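This report looks at a ligand and its surroundings, and then at a few details of the protein chain. Please keep the sequence and the structure in view while reading.

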Amino acid sequence: MAAAFPKISQIPFEGPGSKNPLAFKHYNASEIVEGKTMKDHLRFSVVYWHTFRNRMADPFGAGTAIRPWDDGSDSVKNAQNRVKAAFEFMQKLGAPYYAFHDRDVAPEGQSLKESNRNLDAVVKVLKSEQKRTGIKLLWGTACLFANPRYCHGAATSCNADVFAYGAAQVKKAIEVTHELGGEGYVFWGGREGYSTLYNTDMKRELEHLAKFLHMAVDYKKSIGFKGQFYIEPKPKEPTKHQYDSDSAACLNFLREFDLLNDFKLNIETNHATLAGHTMQHELEVAIAANALGSIDANTGDELIGWDTDQFPTSVYLTAQVMLSILKMGGFTTGGVNFDAKVRRESFEPIDLFHAHIGGMDTFARGLKIAAAIRKDGRLAGFVKDRYSSWDAGIGAQIEQGKAGFKELEAYILKQGEAAANTSGRQEYLENLINEFI
Ligand code: XUL
Ligand code: CO
């Protein structure tokens, strides 16, 4: 196959002074930050679905994407050629990872058998391209939302046969993820929710979802797949309400059904926005439960109410994300996965490079800014001081379980009044952050 991006060579690091749109200004893969290379901190991943399958249609018009390497057909041959284009792109970009749904990489057949055969034929090429380039699979997943059979959901469908079909599809997707050495596997419940409660037995659906996930854990163990399982929260779209609506709802569900030991969360920025939260909030909720696994890096539009999946370009956003990730001690199996797409108006192949270079540079800046804030120490020092009343005296006794209501009443009766509060200093802290940006 001829090169898909013949005019583009390896994207170099040229530093902040560069005006070259096809060079990194901040992402310097081998640069050490807090004792680790940027490459190892950020573990960038390219998504197959947006970057190689999205034709960029919208409800008002046809796709605009120009993809010369793709003949537009649903043939296995075209799917195999697409793999070559994808690996050429990722290699030139210097992305160490990628992620896919089963149906992104290979066409769905007339039967599960045919779909599995198609998938095997493409996985063969994925495997040889991984070997040729050293690019690895961050995670795999199954598309349980596009085919009309999943209109009522998959694991939460009212139709038991659809549950069974979904299970068979996930079984195969876990197998190929394992075969490709994937470091994780994602469950995003695209249609696991409802459009109206008039027709929905919510309790039964939630129990079915838990059963489905337990079956997946059992199967994973039976084949020796060691990759991390993730749940990806999203509150709505395509459904009115999805059961995995945000970090807290997912954690509650996992705890209720005894799944917390086997799952972590994959947090996506635009999904946080749709849930009415900041990305920082979603990350901190997951981290507090020791359950943050990976992130889907993108951003929404403040004026558009749906999942626009834009590439992240805000340094404030990435600095906040990297502050949380560094505090957690960094990614283990997860990474920064660009679940993002170029705009419909950005239809040329070169736009894919601009988008990813921008996202990677924005995260590299976020990493450097977060590391500088941590080195400075004032932010963490402020938070530590703010809670110092818990380090000794009555605070320490409460934390250690040595005081109950009776002791606390006696304490306050003796004190007469609580010690004076100190200012939260939000504006001071916002100014402090600005010193670094
Ligand atoms: C949808 C979404 C998915 C998941 C994987 O909003 O984020 O692409 O990341 O199924
Ligand atoms: Co996502």
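In this predicted model, an oxygen atom of ligand 1 lies 3.3 Å from an N or O atom in the side chain of Trp-49. The table sets this contact beside two others of the same kind.

| Side chain | Partner | Distance |
|---|---|---|
| Trp-49 | oxygen atom of ligand 1 | 3.3 Å |
| His-271 | oxygen atom of ligand 1 | 2.9 Å |
| Asp-296 | oxygen atom of ligand 1 | 2.9 Å |

On its own, ligand 1 has 290 Å² of accessible area, and the protein covers 94% of this area. Where does ligand 1 sit? It sits in the largest pocket.

The residues around ligand 1 include the three in the table, Trp-49, His-271 and Asp-296, and they also include His-101, Trp-139, Trp-188, Glu-232, Lys-234, Glu-268, Asp-307 and Asp-339. When the residues of this shell are sorted by class, three are nonpolar, two are polar and six are charged.

Away from the ligand, one can ask how the aromatic rings are arranged with respect to each other. The count comes to 26 aromatic pairs. One of them is formed by Phe-5 and Trp-69, whose ring centres are 4.9 Å apart and whose planes meet at 45°, so the pair is tilted, because this class holds the angles that are neither under 30 degrees nor over 60. Phe-5 belongs to the segment before β1 (32–33), whereas Trp-69 belongs to the loop between α2 (48–53) and α3 (76–93), so the pair ties together parts that are 64 residues apart in sequence.

Two details of the backbone complete the report, and each of them is found in a loop. Which peptide bond is cis? It is the bond from Glu-237 to Pro-238, with omega near 10°, and Pro-238 is located in the loop between β8 (228–231) and β9 (241–242). The other detail concerns Arg-43, a residue other than glycine, which has a positive phi value near 45°. Arg-43 is located in the loop that runs between α1 (38–42) and β3 (44–47).

Technical notes
Residues numbered from 1 in each chain as written. Chains lettered and ligands numbered in written order. Predicted model: local features only at pLDDT ≥ 70, side-chain atom pairs only at ≥ 80, totals over all residues. Heavy atoms only, no water. Near = heavy atom within 4 Å. Polar contact = N/O pair within 3.5 Å; in protein donor to acceptor, adjacent residues only side chain to side chain. Areas by Shrake-Rupley, 256 points an atom, 1.4 Å probe, with all protein chains shown as cover. 1 Å grid on protein atoms, 1.4 Å probe; cavity = no way out; pocket = protein on both sides within 12 Å on 5 of 7 lines; lining within 4 Å. Sits in = over half its atoms within 2 Å of the grid points. Nonpolar A, V, L, I, M, F, W, Y, C, P; charged D, E, K, R; others polar. Phe/Tyr/Trp six-rings, centres within 6.5 Å; stacked < 30°, edge-to-face > 60°. Helix = DSSP H or I, 4+ residues; strand = E, 2+ residues; numbered from the N terminus.
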